[in-house]
Amino acid sequence: MNLSLQQQLTRLLYEIKNSGETPHLLLHCCCAPCSSYVLEYLSPYFVISVFYYNPNISPPSEYEQRLNEIKRFVQEFKAPNPIHLVEGEYEPKRFYSTVKGLEEEPEGGERCVKCFELRLSEAAKKAKEMGADYFASTLTISPMKDATLLNNISQECGTIYNVQSLPSDFKKKNGYKRSIELSKEYNLYRQDYCGCIFSKKERETWFNVSKK
């Protein structure tokens, strides 16, 4: 029987709950709103290191605003187990080098795949360095992102760095809906584009066309 990603995670969380142990999870986070539900959902089972590594985000002021919101949420959120923030390097040049030649790709295309590979690889590497038992990303909470693709990339990165990828499709169980509720509850800044300059331009083009 092939279990869905959510079924795999549910089974794993059940096993963790009954083991009497609290594993360490490195959770790559893209922004506070996406992180909100995931931290609420997983913090009863793990000690969590929130890893903010997003060299794709542009401009730098946007990067800082999202980082500050994650810092604030981690401080304000009352979790049953410890949560702390690990800030990765801001490497926009590395992002542009990674997606070179793919600048005209549509949102969700090959450029995004390369971006996912960059960020998830760095998350797996950091998880290994920190001795984390698992790593995952909040990216799967987005209705616009392919959870199967993200999990496949995570598994490949986990194999390279010898760290366990946590199966996830965080949009399930009304995860995305709950993230919106928590964003309102904590008054979190919700951006209107994914993060990179290309998604920002695409969003602005769509907005300008829709106004005509």
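**Exercise 1. Break down the lining of the largest pocket by residue class, then locate the pocket in this predicted model.**

Solution. Start with the classes: the lining of the largest pocket has 18 nonpolar, 8 polar and 10 charged residues. Next take the lining as a whole, which is made up of 36 residues. Those that lie nearest the pocket centre are Ser142, Met144, Lys145, Tyr193 and Cys194. Then assign the lining to secondary structure. Two or more lining residues come from each of α2 (32-42), α5, α7 (175-185) and α8 (197-211). Of the elements, α5 supplies the largest share, 5 residues. Finally, give the volume: the space in this pocket is about 860 Å³.

**Exercise 2. Classify the ring pair Phe51 and Tyr53 as stacked or edge-to-face.**

Solution. The structure holds 11 aromatic pairs. For Phe51 and Tyr53, take the distance between ring centres, 5.9 Å, and compare it with the pairing limit of 6.5 Å. The rings therefore pair. Now take the angle between the planes, 5°, against the stacking limit of under 30 degrees. The pair is therefore stacked. As for exposure, Phe51 has a relative accessible area of 1% and is buried. Tyr53 is likewise buried, at 1% relative accessibility.

**Exercise 3. Classify the pair Tyr52 and Tyr63, and state which elements the pair ties together.**

Solution. The centres of Tyr52 and Tyr63 are 5.1 Å apart and the planes make an angle of 55°. Planes under 30 degrees apart would count as stacked and over 60 as edge-to-face, so the pair is tilted. Next, place the residues: Tyr52 is in strand β2 (residues 47-52), while Tyr63 is in helix α3 (residues 60-76). The pair therefore ties together parts that are 11 residues apart in sequence. Both Tyr52 and Tyr63 are buried.

**Exercise 4. Identify the residues of the largest nonpolar core that touch the most other members, and list the contacts of Phe46.**

Solution. The core comprises 60 residues. Leu25, Leu42, Phe46, Ile48 and Leu166 touch the most other members. By element, helix α5 (residues 110-130) gives the most to this core, with 9 residues. For Phe46, leave out residues up to four places away in sequence. What remains is Leu13, Ile16, Thr22, Pro23, Leu25, Asn81, Pro82, Tyr134 and Leu166.

**Exercise 5. Find which residues ring pairs link to Tyr41 in a cluster.**

Solution. Follow the ring pairs: the cluster that contains Tyr41 also contains Tyr37 and Phe170.

Technical notes
Residues are numbered from 1 along each chain as its sequence is written. This is a predicted model: local features need pLDDT of at least 70, side-chain atom pairs count only at pLDDT 80 or more; totals for chains, interfaces and linings use all residues. Side-chain values use heavy atoms; hydrogens and water are left out. Rings of Phe, Tyr and Trp (its six-membered ring) pair if their centres lie within 6.5 Å; planes under 30 degrees apart count as stacked, over 60 as edge-to-face and the rest as tilted. Buried means under 20% relative accessible area, exposed over 50%, partly exposed in between (1.4 Å probe, protein chains only). Helices (H or I, at least four residues) and strands (E, at least two) are DSSP runs, numbered from the N terminus. A nonpolar core is a set of buried Ala, Val, Leu, Ile, Met, Phe, Trp, Tyr and Cys residues joined through side-chain atoms within 4.5 Å. Contact means heavy atoms within 4.5 Å. On a 1 Å grid over the protein atoms alone, a cavity is a set of points where a 1.4 Å probe fits but cannot get out, and a pocket is an open set with protein on both sides within 12 Å along at least five of seven lines; lining residues have an atom within 4 Å of a point. Grid points are joined across faces, edges and corners, and a volume is the space filled by probe spheres set on the points. Ala, Val, Leu, Ile, Met, Phe, Trp, Tyr, Cys and Pro count as nonpolar, Asp, Glu, Lys and Arg as charged, and the others, Gly among them, as polar.
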